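Me: Could you take a close look at one part of this model for me, the small sheet and the helices packed around it, and then walk outward to the DNA and the partner chain? I work at the bench, so plain language is welcome.

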There are 2 protein chains.
Amino acid sequence: MNCQNCGADLCVSRVPIFNHLDVEYQIKIMDLSVTKHYKKNEMIFNAGDVSDSLFIINSGKVKVFSIDESGKEHLISILNPGDYIGETSLFLNESQHHFASALEDTKICLIYKSDMRRLLSEYPTIAIKILEEFAKRLDKSQTQAKWLGTSNATSRLSKYLIDNSTTKDGLKVTKLKMARKDLANYLGMSPETLSRVFKALEEKGSINQKSSRLIEINNLDYD
Amino acid sequence: MNCQNCGADLCVSRVPIFNHLDVEYQIKIMDLSVTKHYKKNEMIFNAGDVSDSLFIINSGKVKVFSIDESGKEHLISILNPGDYIGETSLFLNESQHHFASALEDTKICLIYKSDMRRLLSEYPTIAIKILEEFAKRLDKSQTQAKWLGTSNATSRLSKYLIDNSTTKDGLKVTKLKMARKDLANYLGMSPETLSRVFKALEEKGSINQKSSRLIEINNLDYD
DNA sequence: CGTTAGGTTGAAGAAGTTCAAAGAAAGTGG
DNA sequence: CCACTTTCTTTGAACTTCTTCAACCTAACG
């Protein structure tokens, strides 16, 4: 595979908006990608920066967060290798509304809006494929938004655990990607509430906390 | 303007994913649109139906709702002329997950997925324009989802009032499109809570309830 | 003018937050 | 590897917010 930037394949092929494309097209996108390195605790972008590229995490770990008027941090997400952010930046003329910083030394693949634009005018089929993916995500996000407005702490944690679980030998487990206080923040509840919900679910027999980051799911549903 | 289906212009030109297109393209889309009539209380679609078209309300009023396991109705939205639903259906192969019924005699413009597909392959520029609009909506929806998870009843109502307000002669007013019990349901709170929040905002001087459906906004912000 | 659905109000109770304190886990430097 | 420090997690208790239930009020409509 003759890509200018090897290792990038690992990026492009993992991003949902790209991985449904024909390999032929994926290679063209790989060729556009640029790799950048960030040291631990280095800022990757700040709210207000121009957002002109898609970021795909190649290695390392990234924290995305916002800061509200009272100065309180709100965790938007923790990104691990294969995760990405800014897929909408490829098509918008807006600025970042969040902050992102490297939690560890991190390698990121970048795809610039201008490069993407050029590619789209050259290969219109890609646009239609991406449109399908965006429609899917939009649909999901709208359903999610509706649900969030009416769900309680237990439902939210349950949904999170299920959505992030893997099944092996009929055993369903979830490996938590962040500390409990961050998970609480992410799920929109206090750490204390999260702790109590975990305890309640365990006492009910719905889950087993094998270790602080490893949760075994027995029978769990939400709403 | 030689469109097969006059009155359709009123539809297409109002839908955000279309109204940024060049008029030339808008006319092509109008030509695709088909008009249907529904009587009061008639179902327009049911959950599980194939969703193969975009619905744009031309006249009348439509209720979109879901039904949870306990049989309880959840109001998703009330659609008035110019509103639309199913923009994602144009690009997805999924079925409806909601119900829609006509609250009054209603005229709807339909645009079928298959017709849209044909149009997109013929005019790829349209796809890129729609992609931009979808990116914008996706971005907004994700922000919204995050916010919903952490906001309280007062913030939600405030945001709703502001988002749905019109300003005239420096006077900001919101005309409610639905009954309070429906609004409560829509905002994910009980009618009693909604009533109390309205009262509290009025006593604080933030709003004036000119009539049951007309709210004047003095100074209101959320979060 | 009476019926019915929608809206408001009070009071009790459930769900979640906050604060404070104690216990557990994870660095850090000697 | 240990002792020390720091940060995270859990727990209890008081407090806030929202829901539920029941009663009452109001407006719309045959």
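**The sheet and its surroundings in chain A**

Reply: Happy to. Let us begin at a turn: E11(A) is joined to E12(A) by a hairpin through 4 residues. Please keep in mind throughout that this is a predicted model.

The two strands of that hairpin, E11(A) and E12(A), pair in the antiparallel sense, with 3 bridges between them. If you want a spot to click on, Gln209(A) stands opposite Ile215(A) in E12(A). On to the next pairing: E12(A) also pairs with E10(A), again in the antiparallel sense, over 4 bridges. Here Leu214(A) of E12(A) stands opposite Lys175(A). Strand E10 of chain A covers residues 171–175 and pairs with E9(A) as well, antiparallel and over 4 bridges. In that pairing, look for Thr167(A), which faces Lys172(A) in E10(A).

Put together, these strands make an open sheet of 4 strands in chain A, in the order E9-E10-E12-E11 and with antiparallel pairing. Its edges are strand E9 (165–168) and strand E11 (207–209) of chain A, each of which pairs on one side only. From one strand to the next, the twist averages 30°.

Now for the helices. Helix H6 of chain A, residues 153–163, lies across E9, E10, E11 and strand E12 (214–217) of chain A. Relative to E12(A), H6(A) runs at about 95°.

H6(A) also packs against another helix, H8(A), at an angle of about 75° and with the two axes 10 Å apart. H6(A) and H8(A) are therefore roughly perpendicular to each other. From H6(A), the contact uses Ala153(A), Thr154(A) and Leu157(A), while H8(A) brings Thr193(A), Leu194(A) and Val197(A). Sorted by class, the contact between H6(A) and H8(A) has 4 nonpolar and 2 polar residues, and no charged ones.

From here we can step out to the DNA, starting with strand D. H8(A) gives the most to the surface near DNA strand D, namely 6 residues. Of the 16 residues around this strand, those that come nearest are Arg180(A), Lys181(A), Ser195(A), Asn152(B) and Thr193(B). The elements giving two or more residues to this surface are helix H7 (180–187) and helix H8 (191–203) of chain A, together with helix H6 (153–163) and helix H8 (191–203) of chain B. By class, the surface near DNA strand D holds 5 nonpolar, 5 polar and 6 charged residues.

DNA strand C has 17 residues around it, and Asn152(A), Ala153(A), Thr193(A), Arg180(B) and Ser195(B) come nearest. You have met two of these already, since Ala153(A) and Thr193(A) also belong to the contact of H6(A) with H8(A). For the surface near DNA strand C, at least two residues each come from H8 of chain A and from helix H7 (180–186) and H8 of chain B. H8(B) makes the largest share of that surface, with 6 residues. The classes there are 5 nonpolar, 6 polar and 6 charged.

Both chains appear in those DNA surfaces, which brings us to how chains A and B fit together. Between them, 27 residues of chain B are in contact with 27 residues of chain A. On the chain B side, helix H5 (residues 124–148) gives the most, with 18 residues. That side of chain B has 14 nonpolar, 7 polar and 6 charged residues. Of the interface residues of chain B, 96% are also interface residues in chain A, so the copies meet through the same surface.

A superposition adds to this picture: a turn of 180° with a shift of 0.0 Å along the axis lays chain B on chain A with an RMSD of 0.1 Å. The two copies are thus related as by a two-fold rotation axis. To find that axis on your screen, go to Ala145(B): of the residues of chain B, Ala145(B) comes closest to the axis, with its C-alpha at 2.1 Å.

One last stop is another sheet, in chain B. This is an open sheet of 4 strands in the order E2-E7-E4-E5, with antiparallel pairing. Its edge strands are strand E2 (43–45) and strand E5 (73–79) of chain B. Strand E4 (residues 62–67) of chain B runs antiparallel to E5(B), joined by 6 bridges, and Phe65(B) has Leu75(B) as its bridge partner in E5(B).

Note on methods. Residues numbered from 1 in each chain as written. Chains lettered and ligands numbered in written order. Predicted model: local features only at pLDDT ≥ 70, side-chain atom pairs only at ≥ 80, totals over all residues. Near = placed C-beta within 6 Å. Nonpolar A, V, L, I, M, F, W, Y, C, P; charged D, E, K, R; others polar. Contact = placed C-beta atoms within 7 Å. Least-squares fit on C-alpha atoms with pLDDT ≥ 70 in both. Pairing = 2+ DSSP bridges. Axes fitted to C-alpha atoms, helices over the stretch in contact; angles between N-to-C directions. Parallel < 35°, antiparallel > 145°, perpendicular 65-115°, else oblique.
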